[in-house]
Amino acid sequence: MGVNAGTGRTPALGTRPSAPWRNWGGNQRCNPEVIDEPASVEDVVELLRAARDANQTVKAVGAGHSFTDVACTNGRLVRLNRLNRVIDHDPVCQTITVEAGMRLFELNRELDQRGLALANLGDIDRQTIAGALATGTHGTGAELGGLATFVRELEIVTADGQVLRCSADEEPEIFHCARVSLGALGIITSYTLQCVPAFRLRMEERPYSIDEVVESFASTVAANEHVDGYWWPYADVCTLKRANRTDEPIQVRPPFKQWRGDMLFGNYIYGTLVDIGRIRSSLVPRIMRWVAGGIGRSWKVDQSPNVFCARRLVPFVEMEYAIPRDALTDALLRVRELVERGHLTVDMPVELRVAAADDIPLSMANGRATAYLAVHASAGRPYAQYFRGVEEIMDSYGGRPHWGKIHFQTAATLAPRYPQWERFRTLRAKLDPEGRFVNAYTERVLGPPGAAS
Ligand SMILES: Cc1cc2nc3c(=O)[nH]c(=O)nc-3n(C[C@H](O)[C@H](O)[C@H](O)COP(=O)(O)OP(=O)(O)OC[C@H]3O[C@@H](n4cnc5c(N)ncnc54)[C@H](O)[C@@H]3O)c2cc1C
C-alpha cells in the first residue's frame, strides 16, 4: 500500500485482525472481519466503497473507552489513529480544526502551544475526539455543556461516500445531529472546535457528610464553576471537588508528592485494596471506610487540563445517568438506600456532576439543566443487580443513560426521553438507509435505520 500523497502517511486498509478487539474496561470484545487504518479522507471513501461492494457493515472506533458495545462490530472496524493532526487554527476566532482520530491529551497539548484550551473536559484525556463527542462525553459545570457543544464544524463521510462539510450554515441538519451520533450517521474525519484562552483553575477538595452535601449541593453548584462529588458507600463521606478560574500562579505539590498522591495512593494502593475486596467481599465496606477516611483536604492551582483530567489505572465498569438537576440529591439518597437496604457490595464511589442544557438531539443534556449520577464496579465484580437497581431509580426521573456507559435500555424506552429523537431518526434513515453503520448496540438503542421506535 502506497504512501498517501496528501498526508505523507501510509494507510492500512482491509487488514485481517490477529486477535479480537477489546475495550478499555475489558467487558466488551468483538471479532471484526477486517481492520482499516485510513491515512486520509480519500482512504475513508475507498474503504466505504469496499464495504459496500462486499456488503459489510462499518464501525469507526476511537480509543475503546466506552463500556457499552457502542464501538463493537463483526464487520469492518475503522481506526482513525492515523488521522490525528491539526489541520488549521484561527487565532482570531479561537478555533482549531483537527482530524477526528486525535486523542484528547494530544489536543490539549496542541491547544496549550497556541495559548488555548477547551472550556471544559471530562475526567480523563485518553479518548479520541471523535469517540468522546460521539457518545456525549461531558465534564462538570452548571453553565457548561458537554464537549459536543464546542463543535463549530465537522466533516463527515456518509455511507454513499460523499464528503460533507457541516456547520450551522452548511448542511445544518447534519451538523445539528452529528455532534452526538454514536457513529450511526457516517465516519467523521475532522472537527472545528471552539476554544477559550488557556486558563488556570484553583481546585479544592474536602470531605463532607452526605447530609451536608445533600443540604448544600444546589448552592455549591451555583457558587462554583466546576463541582464534582464522590459519595463513598458505607462511610457517610462525600468528597467534593470545586474548581474555579484563577489568576494565581501554578501551585502544585513537588513531583514525588504528586506521584505519591495520584499514582501510588490513587491507583496502585487503591487498586490493591480493590483486588483484596474482590477476593474477600466481606472486607469491602471496611476498605471503603478506610479509603474514604484517608481523604483529607487538598488543593492546587494548575492549567485547566491538569485539573480536569487524571490517570485511571484501576479497571472498572460504569453506568451513568443524566437526570433533571434538581432531582440529584433525592436520587443520591435513594441510591444510598438501595445499597444499604439491599446489602449490596459496592467497591467504588458514586460520582455526581452537572452540565448545562443543550440543543443536540442525542445529547443526554438535551433541553434540560442536568445532573449526572455515575456508579462504578471494579472490573470482574458482578454489577448487574446494583446497576439495574440504580437504573430503576433513574427511570423514575426520565433518566438518560450515557451512551458509552453500561445500561439496559432499548430504543422503545429511550425515544420518549429525547424530545428531538424523531429528528435524529429521520436524518439517519436518509443518510444510512441500508444500515452500513449499524451494529448490535445501535440496533438495540436506536432501532434499525428507518424504523419508527
Ligand atoms: C476511565 C474512563 C473515564 C471516563 N470519563 C468520562 C467522563 O469524565 N465523562 C464522560 O462523559 N465520559 C467519560 N468516559 C466515557 C468515554 O468518554 C466515552 O465512552 C467515549 O465515547 C470514549 O471515547 P473513545 O475514543 O474511546 O471512543 P470509543 O469508545 O472507541 O467509541 C465511541 C463511539 O464513537 C464512535 N466513533 C469513534 N470515532 C468515530 C468517527 N471518526 N466517526 C464517527 N463515529 C466515531 C464509535 O463508533 C462509537 O460509537 C470515561 C471512560 C473511561 C474508560
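Visitor: Why is the crossing of H5 and H9 called left-handed?

Guide: The near helix is turned anticlockwise from the far one by less than a right angle (clockwise would make the crossing right-handed), and that is how H5 and H9 come to count as left-handed. By the way, you're looking at a predicted model, where local features need pLDDT of at least 70, side-chain atom pairs count only at pLDDT 80 or more, and totals for chains, interfaces and linings use all residues. Residues are numbered from 1 along each chain as its sequence is written.

Visitor: What makes H5 and H9 roughly antiparallel?

Guide: Their axes (lines fitted to C-alpha atoms over the stretch in contact, with angles from 0 to 180 degrees between N-to-C directions) cross at roughly 160° and come within 9 Å. Roughly antiparallel means over 145 degrees (under 35 is roughly parallel, 65 to 115 roughly perpendicular, the rest oblique), so H5 and H9 earn the label.

Visitor: Which residues of H5 and H9 meet?

Guide: Ile210, Val214 and Phe217 of H5 meet Leu328, Thr329, Leu332, Leu333 and Arg336 of H9; contact means C-beta atoms, placed from the backbone, within 7 Å. By class, that's six nonpolar, one polar and one charged. Nonpolar covers Ala, Val, Leu, Ile, Met, Phe, Trp, Tyr, Cys and Pro, charged covers Asp, Glu, Lys and Arg, and the others, Gly among them, are polar.

Visitor: How do you know how H9 runs relative to H10?

Guide: The axes of H9 (residues 328–341) and H10 (residues 384–395) cross at roughly 150° and come within 10 Å. That makes H9 roughly antiparallel to H10. This crossing is right-handed. Ala331, Arg334, Val335 and Leu338 of H9 touch Gly389, Val390 and Ile393 of H10, giving five nonpolar, one polar and one charged residues.

Visitor: How many helices and strands does the protein chain have?

Guide: 13 helices and 21 strands, taken as DSSP runs (H or I, at least four residues, for helices; E, at least two, for strands) numbered from the N terminus.

Visitor: Why is the protein chain called as compact as a globular protein of that length?

Guide: Its radius of gyration is 22 Å, close to the 22 Å the globule rule gives for 453 residues, so the description fits. The radius is taken over C-alpha atoms, and the rule is 2.2 Å times the number of residues to the power 0.38.

Visitor: What makes a residue count as near the ligand?

Guide: Its C-beta atom, placed from the backbone, must lie within 6 Å. Here 32 residues surround the ligand, with Gly62, Gly122, Gly131, Gly183 and Gly404 the closest. H3 gives the largest share, four residues.

Conventions: Contact = placed C-beta atoms within 7 Å.
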